[in-house]
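Please open the structure in your viewer and keep the selection tool handy. We will go from stop to stop, and at each one you will hear what to select and what is there.

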Amino acid sequence: MKRRPIRIPNLGGAQAIILHRPHATVQALSRQLTAIGLRVAQVWPELGPEAMAADYIFFDADMGHDAMFPWEPGQSPIPMIALIGSEAPGRIEWSLKAGAHAQLLKPVGDSGAYSALLIARDAFDAQKALSAEIADLRRRLEERQTVVRAVTLLAARGKSETEAYAQLRRMAMAWRISFEDAAARIVAAQGEADDRTRRR
Amino acid sequence: MKRRIELGLLFSRSGSYSLISEACRSGALAAIATINSDAALDITLVPVERDPAGNIDAYAPLCEEILRDTGARHVVGCVTSWSRKEVIPTVEKFGGTLWYAVPYEGFEASDHVVYTHACPNQHLLPLLDWVMPAQGRRAWLAGSNYIWGWEMNRLARERISAAGGEVLGERYLPIGSREVGRMIDELRYARPDFILNSLIGPSSYEFMAAYRALGQEDPAFRPDRCPVLSCNVTECELPALGLAAEGLVAAGPYFRGVPGWPGEGNFGSSHEAAAFSAVMELARLLDGRPGAENWPLSQLLTGERGRGIVDPETHHTALPVIIARVEGGAFRPLKRMEAVAGDPYLTRSRHALVAPTLKLVS
């Protein structure tokens, strides 16, 4: 699969929140983020409504727990970067479940924040695009039965199955809707017609 | 009694980019002489020199030698971005500071480095914004095979595409290589509107000479029709380029004789000026503050906002932007813009890159 192109985000004025107790790591990270051009806020022990205005979250993986985020684990609406001190498998597992898109090792020194921001943004975007694609594929899969019914209905008017299929495709294009939506429209129209027949 | 303060100088006095090293070194030495003859200051600077001789692997050990074996906490030095990235872990380890006086590709703001020359919002972007309306938007990109060439060309490609232009070719040479034949052959067919040359040293000299020959053969490649642009050529390399430099258009914060450089001085090149400024600023930060010579940069800059030339957040400096063309062996300014703050991540200035709006056709 071809990789989609990287988008270099415009970080000027973006809001970063560091969810970590006051510490030298927070200072070093704040310096880096400020130099890059972000606005920085430090928050502890949990993330409140200010999260809604944030563009990036850096969170402590060492002392972290699910309740410190105002969303379900793995459901963050913005990119998340884990600040990992103890590289214990349990903590890494938790960071991943919490939805880390990138990580930065503690102690944070002179560099690392910029690549973490770019990698987290890219992973977040990729995840979002994939989720949308999967949801769309899933919907189309579920509507396979509708397509079969629509083709059968069209074929019942004396067409071969191949012709009916092609006709459905033409209808979808003419109506500027998806193949599945066109099928649903035909099945619904037939349903209404049946209702009318029954009422008569 | 003046305080005697050692100052590291880490410049390659031989190797492929020695002309630039020498320009920076003479700027630093001129500043040291100025400071040492100033009776009003309470410091004397003593240079501690190490010469990596153009060998990339010698930079970090020699920088460590300065910081470990002498009293110097500050080092003025490095020309290539590659060497700067090599010494940063060393200055960080010893709590020292590197003063870097060469134009570079940006995307860095170390807590242990001061950048006194230009970054892309002060050279490349204004240069492209000037050239595209003037010459056209079809570009050809050349660079030396390391971070400077790569990142300059990436940024150029982004800027040119955003302006609706086109990159017709992009070629690299290893540092020191003179194999420019393929580039010239490709140019013959590509026929761009301008060329961005981010080659360094002998590669650049060879390319410029071959390109001048091409222009004599075919007028489409004469400087008025298809100029070569550079963000790293200054007066210090004109002797090596000779006639091949004629018509070259460069962007920089200073050209010989052009006023507007922050502070006083008449310099041979912006490399010299930027190294001079670095040492003068360091002296200003140390003067009258006994013990400050051992402080880390962050401590030295505390409370200095708006006082010196160094932005305490990015450690870059505000510099004028001058676009100049080589005519008769000297740079003649074509356009001059007021000082603009260094914006290493392109997040602050009006030059911030905006992704091109693409119309989605499905």
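What follows is a walk through selected places in two chains, A and B. Keep in mind throughout that this is a predicted model.

**Stop 1: two helices that pack together**

Begin in chain B by selecting helix 1, residues 18-36, together with helix 9, residues 270-286. The axes of these two helices are 7 Å apart and meet at an angle of about 35°. Turn the view until one helix lies over the other: helix 1 of chain B passes helix 9 of chain B in a right-handed crossing.

Now show the side chains where they touch. From helix 1 of chain B, the residues to pick include B:I20, B:A23, B:C24, B:G27, B:A31 and B:I35. Facing them from helix 9 of chain B are, among others, B:H271, B:E272, B:F276, B:V279 and B:A283. What classes of residue make up this contact of helix 1 with helix 9 of chain B? There are 15 nonpolar, three polar and one charged residues.

**Stop 2: helix 5 of chain B**

Next, select residues 147-162 of chain B, which form helix 5. You can check its length with the distance tool. At 1.5 Å a residue, its 16 residues should span 22 Å, and the end C-alpha atoms are indeed 22 Å apart, so the two agree.

Which residues of helix 5 of chain B are buried? Colour B:W148, B:G149, B:M152, B:N153, B:L155, B:A156, B:R159 and B:I160. Then look down the axis of helix 5 of chain B: these buried residues fall within an arc of 165°, so they line one face of the helix. The spacing fits a general rule. An α-helix has 3.6 residues a turn, so residues three or four places apart point the same way.

To see what the buried residues of helix 5 pack against, add helix 3 (81-94) and helix 4 (124-135) of chain B to the view. Strand 6 (138-144), strand 7 (166-173) and strand 8 (194-198) of chain B are packing partners too.

**Stop 3: just past helix 5**

Move on along the chain to B:A163, in the loop between helix 5 and strand 7 of chain B. B:A163 has 14 other C-beta atoms within 10 Å, so it is partly exposed. Not counting residues up to four places away in sequence, B:A163 touches B:M132 and B:R137. For a sense of distance, draw a line to B:V258: the C-alpha atoms of B:A163 and B:V258 are 30 Å apart, with their positions 95 residues apart in sequence.

Also following helix 5 of chain B is B:G164, which has a positive phi near 80°.

**Stop 4: positive phi without glycine**

Select B:R191, in the loop between helix 6 (181-190) and strand 8 of chain B. The phi of B:R191 is positive, near 45°, and B:R191 is not a glycine. Then jump to B:L346, in the segment after strand 12 (330-341) of chain B. B:L346 is not a glycine either, and its phi is positive at about 50°.

Are these places buried or exposed? B:R191 counts as partly exposed, with 14 C-beta neighbours inside 10 Å. B:L346 has 22 other C-beta atoms within 10 Å and is buried.

**Stop 5: a buried phenylalanine**

Still in chain B, select B:F207 in helix 7, residues 201-217. B:F207 is buried, with 24 C-beta neighbours inside 10 Å. Leaving aside neighbours within four places in sequence, the residues in contact with B:F207 are B:A142, B:V180, B:M183, B:N197 and B:L199.

**Stop 6: across to chain A**

On the way over, show where the chains meet: 13 residues of chain B are in contact with 13 residues of chain A. The side of chain B that touches chain A has five nonpolar, four polar and four charged residues.

In chain A, look for two cis peptide bonds. One joins A:W44 and A:P45, with omega about 5°, and A:P45 lies in the loop between strand 2 (39-43) and strand 3 (56-60) of chain A. Another joins A:K106 and A:P107, with omega about 0°; A:P107 is in the loop between strand 5 (102-105) and helix 3 (113-142) of chain A.

Finish at A:E143, in the loop between helix 3 and helix 4 (144-155) of chain A. A:E143 is partly exposed, with 19 other C-beta atoms within 10 Å. Beyond its neighbours within four places in sequence, A:E143 is in contact with A:E180, A:A183 and A:A184. A:E143 and A:A184 are 41 residues apart in sequence, yet their C-alpha atoms are 8.1 Å apart in space.

Note on methods: Residues numbered from 1 in each chain as written. Chains lettered and ligands numbered in written order. Predicted model: local features only at pLDDT ≥ 70, side-chain atom pairs only at ≥ 80, totals over all residues. Axes fitted to C-alpha atoms, helices over the stretch in contact; angles between N-to-C directions. Helix = DSSP H or I, 4+ residues; strand = E, 2+ residues; numbered from the N terminus. Left-handed = near helix turned anticlockwise from the far one by under 90°. Contact = placed C-beta atoms within 7 Å. Nonpolar A, V, L, I, M, F, W, Y, C, P; charged D, E, K, R; others polar. Expected span 1.5 Å × (residues − 1). Buried ≥ 20, exposed ≤ 12 C-beta atoms within 10 Å, placed from the backbone. Arc of directions from axis to C-beta.
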